[in-house]
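Me: I have a protein here and want to get a feel for it. Can you walk me through it?

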Amino acid sequence: MAKEPERKGQREHILFLANCYASIDRHVEAARLYAQLPPPKIDPKKELTDAELRELQGYWWVQARYARSLRQAKEYT
């Protein structure tokens, strides 16, 4: 799963696995998985649809979880 993060349906599985690692205090592995999730492909010049807005919100939620895992893993760089 971790080798093909853009495959259809993989994003949810990677998020689930990363959350599981974070819940058992394996933050290095969780951060590695969060880092693999790509940013959404959204055109910044046009107005966002509801689906694009949810996708963007989800992306920033993942980035917050990624930062939290790095902090808890003491990976400050």
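What follows is a short chat about this protein.

Reply: Sure. This is a predicted model, where local features need pLDDT of at least 70, side-chain atom pairs count only at pLDDT 80 or more, and totals for chains, interfaces and linings use all residues. Residues are numbered from 1 along each chain as its sequence is written, and side-chain values use heavy atoms, with hydrogens and water left out.

Me: What secondary structure does the protein have?

Reply: Three helices and zero strands. Helices (H or I, at least four residues) and strands (E, at least two) are DSSP runs, numbered from the N terminus.

Me: How far does H1 reach?

Reply: H1 covers residues 10-23 and spans 20 Å from first C-alpha to last. That is close to the 20 Å expected at 1.5 Å a residue. The expected span is 1.5 Å times one less than the number of residues.

Me: Which residues of H1 are buried?

Reply: Gln10, Ile14, Leu15, Ala18 and Ala22. Buried means under 20% relative accessible area, exposed over 50%, partly exposed in between (1.4 Å probe, protein chains only).

Me: Why are they on the same side of H1?

Reply: They cover an arc of only 130° around the axis, so they share a side. The arc is that of the directions from the helix axis to the C-beta atoms.

Me: And what is exposed on the other side?

Reply: Phe16 and Ser23.

Me: What do the buried residues of H1 pack against?

Reply: Helix H2 (27-35) and helix H3 (50-72).

Me: New topic. How much of the whole protein is buried?

Reply: 22% of its 77 residues.

How values were computed
Contact means heavy atoms within 4.5 Å.
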